[in-house]
Amino acid sequence: MPDFKTLNGEIKYLCFDKLAYPKNWREISYCPACKKQSITYFFEKFNMSYYKCKKCNFVFLNPFPSEDMFYDIYNSRYYNSVREFIEIPKVLMSKPHASVSVCNDDYLAINDSVSKILSGGNWLDVGGGIGSFLYYIRNHNEGFKLYLSESNERSAEFAERQFGIEVLKPDIFDENKTGLRFNVLSLLSVIEHISEPIDFLEKCVRIIQPRGLMVINTPRYSLLNRLLSKEASYNVIPPYHVSLFNEKNLVRPLVERFGLKLKNIWFSGQNAFSFIDIMHLSEFCDVKIPEKNDENLMTLCELNLRPQKRLVYGILRRLDKNFEKIIKVTDGKNMINAVFEKI
Ligand SMILES: [Zn+2]
């Protein structure tokens, strides 16, 4: 594999040279969230197409990678480097928070929200990486028996060895093999990576005990993202973020199709929209793939703007600063956190 220095370079090689986009990628004619045949082309990013549902405003990559491409996508240099050089060293140096995908405030708020409803039982974290979230839960909430499901073997092996967390190796959806149902099932920064997320969530609901909880944390594609940012939103990262939800098209299928009860929902992180998105500068920005221990993720931006554009850039930056609070109240933050109960 070529030796990439940045995420965009690796995406280009992975999707076009190795996985031959769009040949053999799966294309659908319906909305993966509401299942209606009401989709329309929306925009392109890195030469890959996203579609939008005219009924529920769900935004998704189409065509999307087929299952046999997942190994290449999630064993890419970027993913492995983030785990090896950022997340694992942080754990080994006992730093309080290791995950790159989910912030500590979300861990805290999710634990608080669950604790108000349940005090014990089986807790399964699906796609939980090196186990930092479950480790947090163990240190703050002793009543739960913790299980991790993680398809990346290196991450799962680290979680088992470092934290002593039980990793479920058989298919978690096959109750006959695991012998388990769960009182809490959490999906933190997971469903945005899944191309038919509602079908996947249906399988998750089946293995939750009655009165048990499903916890979801996922990026939020806000109204202003849809109207103004489009592909400039930093949550649009093909082929990784294939499913972009808002609070309505996330909650609705879970409540109406699966009969779940929404117990709590809140937004977190920074604002989903920023005025600078209007300039669609993401093509100038990239992320450096970490190369040594304890490196932080570094965004690289090469903005050689002409004077006129530089002036606009300055104005938009000022608008972002001056209107930050108003945007937060009117358009909201960039992560959705939701807790559902299975009736
Ligand atoms: Zn839809």
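In this predicted model, Phe182 stands opposite Ile208, a residue of strand 8. The pair belongs to a wider match between two strands. Strand 7 spans residues 182-188 and runs parallel to strand 8, with 6 bridges joining them. Helix 8, formed by residues 197-206, completes the arrangement: strand 7, helix 8 and strand 8 make a β-α-β unit, and the unit is right-handed.

Strand 8 also pairs with strand 13, which covers residues 333-341. Here the sense is antiparallel, and the pairing extends over 7 bridges. Within it, Leu213 stands opposite Glu341 of strand 13. Strands of a sheet pair through backbone hydrogen bonds, and they do so in either a parallel or an antiparallel sense. Strand 8 itself comprises residues 208-219. Of these 12 residues, 9 are buried, so strand 8 is largely enclosed by the rest of the structure.

A further sheet was examined next. This sheet is open and has 4 strands in the order 1-2-3-9, with antiparallel pairing. Strand 1 (39-45) and strand 9 (243-244) stand at its edges. Each has a single partner strand, so one side of each is left without a neighbour in the sheet. The partner of strand 9 is strand 3, made of residues 59-61, and 2 bridges link the two in the antiparallel sense. Phe60 has Ser243 of strand 9 as its bridge partner.

Ser268 was considered individually. This residue lies in strand 10, which runs over residues 261-271. Ser268 has 18 C-beta neighbours inside 10 Å; a buried residue needs 20 or more, so Ser268 counts as partly exposed. Beyond its neighbours within four places in sequence, Ser268 is in contact with Asp105, Asp106, Ala109, Lys333, Met335 and Asn337. Gly121 lies 147 residues from Ser268 in sequence, and their C-alpha atoms are 27 Å apart in space.

At the level of the whole chain, there are 11 helices and 13 strands. The radius of gyration is 20 Å, close to the 20 Å given by the globule rule for 343 residues, so the chain is as compact as a globular protein of that length. Its C-alpha atoms fill a box of roughly 65 × 45 × 45 Å along the principal axes. Of the 343 residues, 40% count as buried. Among contacts with a separation of 6 or more, 71% are between residues 24 or more positions apart.

Terms used:
Residues are numbered from 1 along each chain as its sequence is written. This is a predicted model: local features need pLDDT of at least 70, side-chain atom pairs count only at pLDDT 80 or more; totals for chains, interfaces and linings use all residues. Two residues are in contact if their C-beta atoms, placed from the backbone, lie within 7 Å. Two strands pair if DSSP finds at least two bridges between them. A crossover is right-handed if, with the strands pointing away from the viewer, the path from the first strand over the helix to the second runs clockwise. The radius of gyration is taken over C-alpha atoms; the globule rule is 2.2 Å times the number of residues to the power 0.38.
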